[in-house]
Amino acid sequence: MVTQIMAGAQAAAAQEVRPSRFTYAVPHDDGGLVVYNSMRGAITYVPQSHADAARELLGNRTAVHRRPDLPQELRPMLDGLLTRGFIVPDSDDELQDAADLREQRVARTDRLELILMPTESCNFRCTYCYEDFGLDRMLTGVQRGVTELVRRRHEESGLTSLSVSWFGGEPLVALDVVENLSEFFIDYCAANDITYTAGMTTNGYLLTPETARRVTDLEVRSFQVTLDGPRHTHDDTRSLMGGQGSFDTIMTNLRGLAADTDLDLDVMLRTNFTPENVGSVPSLVEEIGDIAARDDRFTVIFRPVGRWGGPDDDAISACTGKDAELLKLDLNLHASDAGMGVGDTKMLRPGGTVCYAANPWSLVVRPNGLLNKCTVALRMAENMVGRLEPDGTLQLDDERMKLWTANDETQDSGCRSCAFRPSCQGAHCPLIRVQDGVRPCPSVKTWIGPNLQTFADLQRQGVAVVGGAT
Amino acid sequence: MSSSASSDGPRVATDVDGCVTLWADHEDWWVAEHARGQERVRAAGHRAPDGLAAGSVGGGFIAWSGTTAEALTLDGDVLHAGVSRTVPPALQAVAAVGVRGRGVLREIWCGVDAAGGVHVLGWDGESPTTTEVRVPGACGVFVNRRLRCFTVLGETVTVIAPDAAEPAPWVAGALPGNSTARAVAFDEVLEVVWRAEEHVLVAEGLRAGRLVEIYRIPVAAGVTELIVSGGGEWLLLGRDHGDDTLLNVAARREMALPDDVATATVRAFGYDARLCALSEHGVVAVDLPARAELRDVTVGTSTAAWDGRMTKTSSVALRRDPTPRPSSRRTVAGRA
Ligand code: SF4
Ligand code: SF4
């Protein structure tokens with residue numbers, strides 16, 4: 001659905017108004033304007049015919065407009081911008097609103113997010129992977145600790161929401177652990193009126209339709225599967241432990257999932273691209289399109305391969321900076337043209353680029369009971385924030401926890417004045433702050449112009465860019 | 001079969017967590033705890049079972065003698081005896097898996113006897129059930145926890161999904177070179193059957209119900225025993241005449257064992273990529289090289305780098321019972 005600001009929008013009551021400090025207005029190549037507000041998560045395309053009026057009202061961020069003083073022809077535009085939150089009453093304390101947003105997030109005690117590693121073993125050996133596969137299946141005592149933790153949290157804080165993400169290693173290698181714990185979660189949450197959701201990051205090799213049925217029956221419904229281009233590039237970087245290719249098996253599995261229309265799941269297909277494989281990614285997109293075009297259970301996302309601390313980092317050629325961002329956006333448009341849903345649509349929402357590691361209620365549970373915050377730097381001392389005991393108690397190092405949960409906009413005046421603050425809250429990647437001591441701006445903010453233009457184009461193609469809000 | 005070894009057959013087993021190994025020598029049992037930082041060895045009484053196997057949960061074991069088998073669980077310092085049942089005579093190997101049914105997790109055992117008989121040992125309510133399946137030449141049984149089934153290796157690779165009432169075996173294929181295979185093992189991470197032929201290790205994966213060759217790795221001759229690490233990354237290659245070696249599967253590199261491990265009669269792959277040498281005197285734990293260390297050294301120097309690390313680690317990781325008793329043969333309550 002195309003959303004454009006047109007004359008005739010409802011007039012708002014406010015008389016003295018100004019552009020929201022969280023509004024971006026960036027030119028579109030076709031002469032129009034793309035307007036976005038990070039507090040409302042709203043994005044709108046203004047066609048060329050109305051762009052000058054919008055610019056007039058949004059161009060000067062500090063200008064205060066009095067509606068009666070504006071020329072008649074600007075008033076419908078003002079009303080439209082006001083209704084969608086791009087312009088706000090001058091009396092609004094937007095800084096306080098942003099601080100409240102962050103506070104509401106971190107203060108939640110009724111929520112628990114567990115990123116569970118049922119094993120760190122993996123049947124793949126991807127060239128860029130940062131894990132070292134030391135820990136096998138989750139220990140029996142740790143599994144018990146996880147169930148007791150949920151029980152304790154509910155008894156102590158009244159859980160209303162439990163979300164579980166299965167991670168690894170390859171979680172399906174330890175499907176039995178996933179099953180055992182999922183059955184507990186389902187039963188316990190149902191008995192105690194707790195909302196329960198679960199997803200899984202898997203390499204897809206073992207995700208046959210039969211296995212998918214087993215895990216969706218256990219309410220694991222969101223999957224992220226990685227494909228690194230078509231067969232010849234994927235098999236170069238994502239081989240089995242012995243070096244054999246994995247592409248054909250994964251594609252067979254995806255075909256099986258797509259063909260089983262009764263399977264109630266969401267599959268996000270992630271493609272990591274490098275200068276070497278990026279040229280062939282479009283052919284992969286077409287191959288996926290043949291399987292899952294216009295099947296809204298399937299979406300695609302694209303990520304430049306980074307140097308993530310794995311043993312082969314020096315050998316990795318990475319796409320970086322603006323080039324990487326533009327390639328990514330281009331691939332998004334290509335995917336949309338091929339009839340595929342685009343998965344990168346939530347970043348523009350308030351909190352949309354905050355990393356889970358920044359949430360005090362989010363913990364990574366390693367198979368040996370070690371607690372981490374970030375799923376990347378697994379062996380980094382600052383990331384080992386505690387231990388889960390078999391009775392469900394958490395031995396947490398408060399100072400280390402704060403490195404991840406309080407190392408954000410509250411400590412950074414630059415973030416507090418940032419127009420993208422409601423989405424990121426200075427917490428896009430706490431690891432970057434911990435490791436490098438710098439501000440972790442997400443690439444969507446750094447290259448906001450091309451991003452907003454692409455999202456506006458996607459929205460005009462019918463993609464729900466901010467999860468339905470416009 | 002288990003992921004541990006001794007020179008006298010299945011009288012040694014490591015639990016599924018890779019944290020406890022139970023073994024029997026001539027007339028005593030020994031318990032070694034080898035989780036990182038908790039290493040200790042204790043005597044567990046005077047009884048010599050015919051065989052030992054891992055149970056389906058951490059700290060759990062199965063011990064059998066003659067036609068009786070019982071479940072054992074290590075709980076703190078105590079080795080508790082659990083259910084006991086009659087089993088067919090002359091079992092050579094046993095495996096256990098937890099199977100779900102009507103909301104209950106039930107442990108099912110699978111035993112292989114000396115005549116190629118495979119016995120699925122379940123429980124129907126309170127009474128034990130036994131179902132026999134024929135697998136010609138059956139010599140080993142392994143658990144596939146992901147699929148909650150057993151893989152029986154003989155002349156064929158036979159998968160048994162152990163519904164207690166009605167085991168459902170299917171044959172993935174013949175085990176090629178069965179007559180020339182010196183040792184077999186199953187890796188549940190890659191879901192491959194390993195077999196040692198003269199000068200070569202061959203791995204065949206169970207893919208879409210068929211066996212597909214996925215590795216053929218030349219190794220020094222004489223392998224008579226294969227043990228797979230919990231993560232599938234390492235194989236311990238035992239040879240009758242000594243010269244046991246370690247193979248990193250991903251890097252396809254065979255390497256000598258550190259001295260402490262090479263001379264041990266009881267070894268176990270432990271949790272967190274460790275190789276342990278166990279004796280009544282204590283635990284010697286070697287941290288296996290992490291992936292980074294295998295990859296970021298050049299081929300010309302990698303063997304030296306591994307050897308260096310393993311030797312160094314084995315000497316610093318030597319830990320014995322932190323509170324030695326007058327005699328370290330402390331009897332464990334409940335199983336004296
Ligand atoms: S802290 Fe950074 S690297 Fe770690 S999980 Fe979050 S975004 Fe990823
Ligand atoms: S990290 Fe960057 S994008 Fe995020 S709030 Fe701070 S300045 Fe803005």
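**Notebook: the A–B interface and ligand 2**

I began with one pair of side chains in this predicted model: Glu179(A) and Arg148(B) form a salt bridge, with 2.8 Å from N to O. I then looked up which elements of chain A supply two or more residues to the side that touches chain B, and found strand E8 (124–126), helix H5 (175–192) and helix H6 (209–217). H5(A) gives the largest share of that side, five residues. By class, I noted 15 nonpolar, 10 polar and 11 charged residues on the side of chain A that touches chain B.

Next I looked up the totals for the two chains. I found 36 residues of chain A in contact with 33 residues of chain B. Between them the chains bury about 2800 Å². I asked how much of this buried area is on carbon and sulfur atoms. I wrote down 50%.

I also looked up the pairings across the interface. The count of salt bridges between chain A and chain B is three, and I had started with one of them, Glu179(A) with Arg148(B). For polar contacts between the two chains, I recorded 13 residue pairs, both residues at pLDDT 80 or more.

My last entry is on ligand 2. Which residues of chain A surround ligand 2? I listed Cys415(A), Cys418(A), Cys424(A) and Cys441(A), then Pro440(A) and Pro442(A), and also Gly426(A), Arg439(A) and Lys445(A). By class, I entered six nonpolar residues, one polar and two charged for the shell around ligand 2. Gly426(A) is the polar one, because Gly is counted as polar. Arg439(A) and Lys445(A) are the charged ones, because Arg and Lys count as charged.

Key
Residues are numbered from 1 along each chain as its sequence is written. Chains are lettered from A and ligands numbered from 1 in the order in which they are written. This is a predicted model: local features need pLDDT of at least 70, side-chain atom pairs count only at pLDDT 80 or more; totals for chains, interfaces and linings use all residues. Side-chain values use heavy atoms; hydrogens and water are left out. Contact means heavy atoms within 4.5 Å. Buried area is the accessible area (1.4 Å probe) that two parts lose on being put together, summed over both. A salt bridge is a side-chain nitrogen of Lys or Arg within 4 Å of a carboxyl oxygen of Asp or Glu. A polar contact is a pair of N or O atoms within 3.5 Å; within protein, one must be able to donate a hydrogen and the other to accept it, and residues adjacent in sequence count only if both atoms are side-chain atoms. Helices (H or I, at least four residues) and strands (E, at least two) are DSSP runs, numbered from the N terminus. A residue is near a molecule or strand if one of its heavy atoms lies within 4 Å of it.
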